[in-house]
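Let's take a walk through this one together, starting with the strands and ending with the empty spaces between the atoms. Keep the viewer open as you read.

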Amino acid sequence: MCQLLGMNCNVPTDICFSFDGFRRRGGETDHHADGWGIGFFEGRGCRTFLDWQSSCVSPIAELVRNYPIKSTNVIAHIRKATVGRISLANTHPFMRELWGHYWLFAHNGDLKTLPTLQSNRFTPVGDTDSEHAFCWLLESLLARFPTEPSPQELHAAMKPLVAELAQHGSLNFLLSNGRWLAAHCATKLQYIVRQAPFGQAHLVDQDVSVDFDALTTPSDRVALIATEPLTDNEQWTKMEAGELIVFADGLPTLI
């Protein structure tokens, strides 16, 4: 199975510390060595880095680790291939445009069957179940809302669509349009919200610590979502199977 990492904040923040631990799971501390990717929303733009090589040896991953890109929404993925070839086209996160915004999607799990795509507005480029599911979800939202709905309408509409998609198999995913980040749990997802008073965090996958109190302001708030906790001295919240949570400004809301 793959692993997921997401970040949602109320102020632009870099993910270097968390990514340093996460990338080591791509072939060093774990076996997810079939490619990796990460996407950063920056205003209306979206900067993505993808590589079919394992993240623990990828020169691109090393660049990202040392490049403090600040973003309010980030999605990262390390892949253990189960459906689809090991290739750049099959590397998450996948990106599409809807209602004039970029969307990112990364998935962990296996869909045993796939819903039918009714149009060619969103077409898979690779051959993964994940990209197909992303295309179906966006197609379904566009069919319901020809023009962009309010966030409340959108999130309410997402819930039954995600439940329908989850009937096809295991569906852990992260989804963002740059304004918020949604996380759906089928088997494993956990999150933590870091806010004042900040403390020290220590990575699980590397003997590295950081004192967030020295790097933040009292008003900062950062939510991290991951398949497995990235730190061993903080309290992570385990999501329940079937939960769909939207994170906005670093705060989680169950929908």
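In which sense do strand E2 (residues 36-42) and E3 pair, and over how many bridges? This is a predicted model, and in it E2 and E3 run antiparallel, joined over seven bridges. To find the pairing on screen, look for Trp 36, which sits opposite Asp 51 in E3.

Now zoom out to the sheet around that pair. Seven strands make up an open sheet in the order E3-E2-E4-E1-E12-E9-E13, and the pairing is antiparallel. E3 and strand E13 (237-238) are the edge strands: each has a single partner strand, so one side of each has no neighbour in the sheet. Helix H1 packs on this sheet, with contacts to E1, E2, strand E4 (71-78), strand E9 (190-195) and E12. The direction of H1 makes about 175 degrees with that of E1.

On to the empty space. Rolling a probe the size of a water molecule over the atoms shows where such space is left. The largest pocket comes out at about 380 Å³. It is lined by 18 residues, and the closest to its centre are Thr 13, Asp 14, Phe 212, Leu 215 and Thr 216. Some of the elements we just met turn up again here: strand E1 (3-13), helix H1 (16-23) and strand E12 (221-226) each supply at least two lining residues. E1 gives the most, with four. Sorted by class, the lining of this pocket has eleven nonpolar, three polar and four charged residues.

The second largest pocket has a volume of about 150 Å³. Which strands each supply at least two residues of its lining? They are strand E3 (45-51), which we know from the sheet edge, and strand E5 (94-98). E5 has the largest share, three residues. Among the lining residues are Thr 48, Leu 50, Phe 94, Met 95, Arg 96 and Glu 131. The class split for this lining is seven nonpolar, two polar and two charged.

Last stop: the closed space. Counting cavities of 30 Å³ or more gives one, and the largest cavity has a volume of about 70 Å³. Its lining includes Cys 2, Arg 79, Lys 80, His 92, His 107, Asp 110 and Asp 129. By class, that lining holds two nonpolar, six polar and four charged residues. Put that beside the largest pocket, with its eleven nonpolar, three polar and four charged residues, and you have both linings to look at side by side.

Terms used:
Residues are numbered from 1 along each chain as its sequence is written. This is a predicted model: local features need pLDDT of at least 70, side-chain atom pairs count only at pLDDT 80 or more; totals for chains, interfaces and linings use all residues. Side-chain values use heavy atoms; hydrogens and water are left out. On a 1 Å grid over the protein atoms alone, a cavity is a set of points where a 1.4 Å probe fits but cannot get out, and a pocket is an open set with protein on both sides within 12 Å along at least five of seven lines; lining residues have an atom within 4 Å of a point. Grid points are joined across faces, edges and corners, and a volume is the space filled by probe spheres set on the points. Ala, Val, Leu, Ile, Met, Phe, Trp, Tyr, Cys and Pro count as nonpolar, Asp, Glu, Lys and Arg as charged, and the others, Gly among them, as polar. Two strands pair if DSSP finds at least two bridges between them. Contact means heavy atoms within 4.5 Å. Axes are lines fitted to C-alpha atoms, for helices over the stretch in contact, and angles run from 0 to 180 degrees between N-to-C directions.
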